[in-house]
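Me: I would like to learn how to read a protein model feature by feature. Can we work through one together?

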Amino acid sequence: MAHFTHHIFVCCNQRKKDSRASCDPDGDEALKSAFKKELEKRGLKPQVRANEAGCLDQCELGPVIVIYPQAIWYGGVRVKDVPRIVEETIVGGRIIPDLLIPDEKLNCKKK
């Protein structure tokens with residue numbers, strides 16, 4: 001089997017309401033499911049894979065996904081963003097500026 005062209009890791013971490021932000025506060029994995037459905041709909045499997053990730057430690061910027069091997073970090077991702085991410089980034093190879101977490105904000109625990 002060929003290597004994945006893209007591997008989308010979707011943070012599905014849940015935290016207590018009194019701690020840091022949570023990427024999947026409802027625990028329904030809706031974002032992960034939306035990516036899986038969109039990839040299936042577009043016939044991008046098995047070249048592209050989306051799966052659940054534990055905490056990506058970017059909680060204050062979430063919900064967060066990261067796309068490898070390109071190392072593209074998107075924050076504030078909503079289900080409604082999934083078709084645009086697949087079309088623009090996965091298919092078109094373009095970065096979406098309004099979702100991109102800049103390098104200087106990664107791992108800094110603040111927006």
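Me: Which strands are joined to β1, and how do they run?
Reply: Look at the bridges between strands and at the direction of each pairing. In this predicted model, six bridges join β1 to β2 (residues 48–53), and these two run parallel. Strand β3 (residues 65–68) is joined to β1 by four bridges, and that pairing is antiparallel. For the register, take one opposed pair from each: Phe9 stands opposite Asn51 in β2, and Val10 stands opposite Ile65 in β3.

Me: Is β1 mostly covered or mostly open?
Reply: Go through the strand residue by residue. β1 spans residues 6–11, and five of its six residues are buried. Phe9 counts as partly exposed because its relative accessibility is 24%, and buried means under 20%.

Me: Which aromatic pair does the structure hold?
Reply: For a ring pair, read the centre distance and the angle between the planes. There is one aromatic pair here. Phe9 and Tyr68 form it, edge-to-face, at 6.1 Å centre to centre with 70° between the planes. Phe9 lies in β1 and Tyr68 in β3, so the pair ties together parts that are 59 residues apart in sequence. Tyr68 has 33% relative accessibility and therefore counts as partly exposed.

Me: Which residues of α2 are buried, and where do they lie around the helix axis?
Reply: List the buried positions, then view them down the axis. In α2 (residues 82–91) they are Val82, Ile85, Val86, Thr89 and Ile90. They fall within an arc of 110°, so they line one face of the helix. What they pack against is β1, α1 (30–41), β2, β3 and β4 (72–74). After α2 comes Gly93, whose phi is positive, near 75°.

Me: Which residues have the most contacts inside the largest nonpolar core?
Reply: Take the size of the core, then its best-connected members. The largest one has 21 residues, and those with the most contacts inside it are Ile8, Phe35, Ile65, Ile67, Tyr74 and Ile85. β1, α1, β2, β3, β4 and α2 each supply at least two residues of this core.

Me: What does Ile65 touch?
Reply: Leave out sequence neighbours when reading such a list. With residues up to four places away not counted, Ile65 touches, among others, Ile8, Val10, Leu31, Phe35, Tyr74 and Ile85.

Me: How many residues are in the second core?
Reply: That core is separate and has 10 residues, including Cys23, Ala53, Leu56 and Leu61.

Definitions and conventions: Residues are numbered from 1 along each chain as its sequence is written. This is a predicted model: local features need pLDDT of at least 70, side-chain atom pairs count only at pLDDT 80 or more; totals for chains, interfaces and linings use all residues. Side-chain values use heavy atoms; hydrogens and water are left out. Buried means under 20% relative accessible area, exposed over 50%, partly exposed in between (1.4 Å probe, protein chains only). Two strands pair if DSSP finds at least two bridges between them. The arc is that of the directions from the helix axis to the C-beta atoms. Contact means heavy atoms within 4.5 Å. A nonpolar core is a set of buried Ala, Val, Leu, Ile, Met, Phe, Trp, Tyr and Cys residues joined through side-chain atoms within 4.5 Å. Rings of Phe, Tyr and Trp (its six-membered ring) pair if their centres lie within 6.5 Å; planes under 30 degrees apart count as stacked, over 60 as edge-to-face and the rest as tilted.
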